[in-house]
Amino acid sequence: MECLVKSLNVGMPGLLQVNGKEVRSAFVKTPSEQPVFLHSLNFEGDGQGNLEVHGGVDKAACAYPYEHYPHWEKELGAVMPAASFGENLTLTGMTEDSVCIGDIWRMGEAVLQVSEPRQPCAKLGARHNRPDLVKKVADTGFTGYYFRVLQEGYVQKGDYAVLEQRPYPGVTVQFVNGAIYKKPERADLERILQCDALASGLRQSFEKKMRNLFPASL
């Protein structure tokens, strides 16, 4: 399957009901039919409601594989429009088992690098009125992932995604998800921590996990 941008989605923060409370969130996004400029921190016209856990250079753009949509439509019994997972980039041909940390992809004028898996939060469940959806996403590994921006530029729906470099083959998003949601082997953590392209926040989390699980190795 060709790797391309199926949909490009942006949205500014608004109010979303989460566990009975209104919170600021930019989870709800709208597809754009026009080219959108990708800056080092986000797409033009896009934002984050909580900058403590979202946004930053390592989370400039969120991606979700289009191939998972049929699974969730069957699971939820509903048609799911573009950006149902709050993603900026709905991509084809780039699932978690085929995309690696550190991959450098060119899309339109922009150059992006895979930095970490996306870890679903309660806003996903709130958006679809299914609190159990967060756990289901984690259990399936259909999480999506984040990019940092190496070169700014315009991106649009229909752009091909071209892999330019793969410095860490085998360290797929799926592999890293396994270390996040399950008890990892020491060798797995060591392999992940060798990836210079890993997002700094997740690196700190894995370093802490290494210290807790394998103190004798330090």
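**View 1. The open sheet of the predicted model and its edges.** In this predicted model, an open sheet with mixed pairing is built from 8 strands, which follow one another in the order S4-S1-S7-S6-S10-S9-S8-S12. The edges are taken by strand S4 (30–31) and strand S12 (161–165), each of which has a single partner strand, so that one side of each is left without a neighbour in the sheet. In a regular strand the side chains alternate between the two faces of the sheet.

**View 2. Pairing of strand S1 with strand S7.** Strand S1 (residues 4–10) runs antiparallel to strand S7 (residues 89–92), and the two are joined by 4 bridges. One residue pair to look for in this view is leucine 4 with its bridge partner in S7, threonine 92.

**View 3. The hairpin of strands S8 and S9.** Strand S8 (residues 104–107) pairs with strand S9 (residues 110–117) in the antiparallel sense, over 4 bridges. Arginine 106 has valine 111 of S9 as its bridge partner, and methionine 107 stands opposite alanine 110, also in S9. The hairpin has 2 residues between its strands, and glycine 108 adopts a positive phi near 60° there.

**View 4. Strand S8 beside strand S12.** S8 also runs antiparallel to S12, to which 4 bridges join it. Methionine 107, which stands opposite alanine 110 in S9, likewise stands opposite alanine 161 in S12. S12 is at an edge of the sheet and has a single partner strand, so one of its sides is left without a neighbour in the sheet.

**View 5. Strand S9 and its pairing with strand S10.** How many of the 8 residues of S9 are buried? The count is 8 of the 8, and S9 is therefore largely enclosed by the rest of the structure. With strand S10 (residues 145–151), S9 pairs in the antiparallel sense over 6 bridges, and glutamine 113 finds its bridge partner in S10 in arginine 148.

**View 6. The crossing of helices H4 and H5.** The axes of helix H4 (residues 173–181) and helix H5 (residues 186–193) come within 11 Å and cross at roughly 125°, which makes H4 oblique to H5. The crossing of H4 and H5 is left-handed. On the H4 side the contact involves Phe175, Val176 and Ala179, and these meet Asp188, Leu189, Arg191 and Ile192 of H5. Sorted by character, the residues of the contact of H4 with H5 comprise 5 nonpolar, no polar and 2 charged.

**View 7. The crossing of helices H5 and H6.** Between H5 and helix H6 (residues 200–213) the axes come within 10 Å and cross at roughly 150°, and the two helices are therefore roughly antiparallel to each other. H5 passes H6 in a left-handed crossing. H5 contributes Arg186, Leu189, Glu190, Ile192 and Leu193 to the contact, while H6 contributes Arg203, Phe206, Glu207, Lys209 and Met210. The residues of the contact of H5 with H6 divide into 5 nonpolar, no polar and 5 charged. Leu189 and Ile192 of H5 take part in this contact and are also among the H5 residues that meet H4.

**View 8. Aspartate 132 in the loop between helices H2 and H3.** Aspartate 132 is located in the loop that lies between helix H2 (122–127) and helix H3 (133–140). Is this residue buried or exposed? Aspartate 132 has a relative accessibility of 32% and therefore counts as partly exposed. Its C-alpha atom is separated by 9.1 Å from that of alanine 122, a residue 10 residues apart from aspartate 132 along the chain.

**View 9. Glutamate 73 in helix H1.** Glutamate 73 lies in helix H1 (residues 69–76) and, because its relative accessibility is 28%, counts as partly exposed. When residues up to four places away in sequence are not counted, glutamate 73 touches Ala78, Val79 and Met80. From arginine 211, glutamate 73 is 138 residues apart in sequence and 40 Å apart in space, C-alpha to C-alpha.

Definitions and conventions: Residues numbered from 1 in each chain as written. Predicted model: local features only at pLDDT ≥ 70, side-chain atom pairs only at ≥ 80, totals over all residues. Heavy atoms only, no water. Buried < 20%, exposed > 50% of the residue type's maximum accessible area, 1.4 Å probe, protein only. Axes fitted to C-alpha atoms, helices over the stretch in contact; angles between N-to-C directions. Parallel < 35°, antiparallel > 145°, perpendicular 65-115°, else oblique. Left-handed = near helix turned anticlockwise from the far one by under 90°. Contact = heavy atoms within 4.5 Å. Nonpolar A, V, L, I, M, F, W, Y, C, P; charged D, E, K, R; others polar. Pairing = 2+ DSSP bridges.
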